[in-house]
Amino acid sequence: MGVQRLVAVAFENETDPELAGLVDEIVWIRVGQLSKLISAFTRNGVQACVMAGQITPKNLFDLRPDLRAMALLFKLKEKNAHTIFGAIADELKREGVELIEATPWLEPLMPRRGFHAGPKLSPEQQADVNFGYRVAKDISRLEIGQTVVVKNGAVLAVEAFEGTDRCLVRGGELAGKEGKAVAVKVAKEKHDLRFDIPCVGAQTLEICASAGICVLALEAGKTLLLEQDRLDELVKKHRITVTAVGGSDAATSSAA
């Protein structure tokens, strides 16, 4: 796509070391070293950057911020992903580095409306998908989380700071011996695609299987589905349905 040189800023104990072999230069920093992050870009002449991967939520409480990061955090009245990363984007822009969306490179990995893998949904499962979608959109709007686990029209688990995987495990435990819960993962309303793209992969499906969750529904066009080459194998092995649902889909089905 015309990119001549790739410089990566990687986070110790977070970023996969194999990334080093895929870029021209890699700079390792600790979470919270904002000045070092910015200088890594500016001294390499980087004018645009994208965010990829994630920082484990609990590590945000263990960080040792440098002076620039401390000043940034001090100014924030609310401290969540949107406010923190938005402020970092502003700091980058002041130094001539623009944080841009990664979606041009990622769109092939984002299932669209109508995507379906695995067993066909029963009417009860479809109703739970629609219900879970509405609940998940509401909790995401309130900055609580982006995933819910439901069964028979009841909410079993809501994602908060613990992250998606532990929410799935908790929801599966509460579904009873037969399991058969439905998980729904969405994007936030008016979410910033520069740093807020929901993501699931093979590990997510394995966790769903171990937790007895039989349906994983993703918001269409706004969720990354990684390792799609393994999808058919995993949905057949575990008899899990993976489907994409959008706002108009859910509203139509609900009204019907």
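**Notebook: Gln 125 and a positive patch**

I began at Gln 125, which sits in helix α5, spanning residues 123-141. A reminder to myself: this is a predicted model.

Next I looked up what Gln 125 touches beyond its neighbours within four places in sequence. I found Lys 120, Val 182, Cys 214 and Val 215 in contact with Gln 125. I then followed up one of these partners, Val 182. Gln 125 and Val 182 are 57 residues apart in sequence, yet their C-alpha atoms lie 7.2 Å apart in space.

Then I turned to charge on the surface. Which residues gather in a patch of positive charge there? I noted Arg 30, Lys 36, Arg 43 and Arg 64.

I took Lys 36 from that patch and placed it in helix α1, residues 34-42. Is Lys 36 buried or exposed? I logged it as partly exposed, because its relative accessible area is 36%, and partly exposed covers what lies between the cut-offs of 20% and 50%.

Arg 64 came next, and I found this residue in the loop between β3 (48-49) and α2 (67-75). I put Arg 64 down as exposed, because its relative accessibility is 58% and exposed means over 50%.

What does Arg 64 touch, not counting residues up to four places away in sequence? I wrote down Arg 30, Val 31 and Gly 32. I was pleased to see Arg 30 there, as a contact of Arg 64 and a fellow member of the positive patch. For Gly 32, I also checked the spacing: Arg 64 and Gly 32 are 32 residues apart in sequence and 5.7 Å apart in space, C-alpha to C-alpha.

Notes. Residues numbered from 1 in each chain as written. Predicted model: local features only at pLDDT ≥ 70, side-chain atom pairs only at ≥ 80, totals over all residues. Heavy atoms only, no water. Patch = residues over 30% accessible without salt bridge, like charges linked within 9 Å, V, L, I, M, F, W, Y side chains within 5 Å. Areas by Shrake-Rupley, 256 points an atom, 1.4 Å probe, with all protein chains shown as cover. Salt bridge = Lys/Arg side-chain N within 4 Å of Asp/Glu carboxyl O. Lys, Arg positive; Asp, Glu negative; His and termini not counted. Charge placed at Lys NZ, Arg CZ, Asp CG, Glu CD. Helix = DSSP H or I, 4+ residues; strand = E, 2+ residues; numbered from the N terminus. Buried < 20%, exposed > 50% of the residue type's maximum accessible area, 1.4 Å probe, protein only. Contact = heavy atoms within 4.5 Å.
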